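Take a walk through this protein, one piece at a time. Keep the structure in view as you read.

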Amino acid sequence: MNAPALTDSQQAALLQAARAARLKAYAPYSKFLVGAAVLDDQGRIHAGCNVENAAYPQGVCAEASALSAMVLAGSTQARAVLVVGTGGAWITPCGGCRQKLREFCAPDTPILSANTEALGPRYTLAQLLPESFGPDHLHPQ
Ligand code: THU
């Protein structure tokens with residue numbers, strides 16, 4: 001079954017939430033602020049920002065932080081994801097975050113990129129992480 005279309009107002013709300021979260025990022029080492037927002041299956045939006053650490057590998061990406069907020073709020077299904085970085089470039093989730101998103105997204109879940117000025121390209125999870133490993137491999141039907 002195809003994912004329901006993302007409405008303009010949902011897209012605008014995701015962009016606003018991700019931008020607001022980005023401004024809360026703790027990124028004193030890279031100075032690269034990232035905000036992410038996830039729309040869940042109940043129509044709610046959960047935001048996250050990157051949180052770096054002096055022990056560099058312990059930092060957390062914005063997408064992981066947004067997914068934690070979604071799970072905490074009681075949902076395990078993402079309907080859309082938006083990520084906004086710093087500078088003009090459109091960013092997409094890093095490799096590790098693509099796998100984290102895989103847990104809670106369908107193959108056709110839209111992953112939107114934005115910068116601080118505008119919305120950018122749109123992908124699906126399957127485009128960003130083809131032939132992926134997921135929960136169904138551990139628990140085949
Ligand atoms: N970062 C994210 O939060 N999400 C991504 O998808 C790419 C990278 C963060 C990690 C680190 O705090 C900073 O951006 C620079 O890599």
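Start with one pair of residues. Aspartate 40 has alanine 78 as its bridge partner in strand E3. Keep in mind that this is a predicted model. The pair belongs to a wider match: strand E1 and strand E3, which spans residues 78-84, are joined by six bridges and pair in the antiparallel sense.

E1 has another partner as well. Strand E2, residues 45-49, runs antiparallel to E1, with five bridges between them. Look at glycine 35 in E1: cysteine 49 is its bridge partner in E2. E1 and E2 make a hairpin, with four residues between the two strands. Glycine 43 sits in that turn and has a positive phi of about 85°.

Now look at E1 itself. Is this strand enclosed or open? Six of the six residues in E1 (residues 35-40) are buried, so the rest of the structure largely encloses the strand. Check both faces. On one side, Gly35, Ala37 and Leu39 are buried. On the other side, Ala36, Val38 and Asp40 are buried too.

Next, move to the loop between helix H2 (62-72) and E3, where you will find serine 75. Is serine 75 buried or exposed? Its relative accessibility is 2%. Buried means under 20%, so serine 75 counts as buried. Its side chain makes a polar contact with the side chain of aspartate 41, at 2.7 Å. Beyond its neighbours within four places in sequence, serine 75 is in contact with Asp40, Asp41, Gln42, Arg44 and Met70. Asp40 is the residue that pairs with alanine 78.

Finally, turn to the ligand. Which residues surround it? They are Ser30, Phe32, Val34, Asn50, Glu52, Cys61, Ala62, Glu63, Thr92, Pro93 and Cys94. This shell divides into six nonpolar, three polar and two charged residues.

Three of the listed distances involve an oxygen atom of the ligand. A polar side-chain atom of glutamate 63 lies 2.6 Å from a ligand oxygen. For alanine 62, a backbone N or O atom lies 2.9 Å from an oxygen atom of the ligand. For cysteine 94, a backbone N or O atom lies 3.0 Å from a ligand oxygen. On its own, the ligand has 370 Å² of accessible area, and the protein covers 75% of that.

Terms used
Residues are numbered from 1 along each chain as its sequence is written. This is a predicted model: local features need pLDDT of at least 70, side-chain atom pairs count only at pLDDT 80 or more; totals for chains, interfaces and linings use all residues. Side-chain values use heavy atoms; hydrogens and water are left out. A residue is near a molecule or strand if one of its heavy atoms lies within 4 Å of it. A polar contact is a pair of N or O atoms within 3.5 Å; within protein, one must be able to donate a hydrogen and the other to accept it, and residues adjacent in sequence count only if both atoms are side-chain atoms. Accessible areas come from the Shrake-Rupley method with a 1.4 Å probe; for residues, only the protein chains shown count as cover. Ala, Val, Leu, Ile, Met, Phe, Trp, Tyr, Cys and Pro count as nonpolar, Asp, Glu, Lys and Arg as charged, and the others, Gly among them, as polar. Buried means under 20% relative accessible area, exposed over 50%, partly exposed in between (1.4 Å probe, protein chains only). Two strands pair if DSSP finds at least two bridges between them. Contact means heavy atoms within 4.5 Å.
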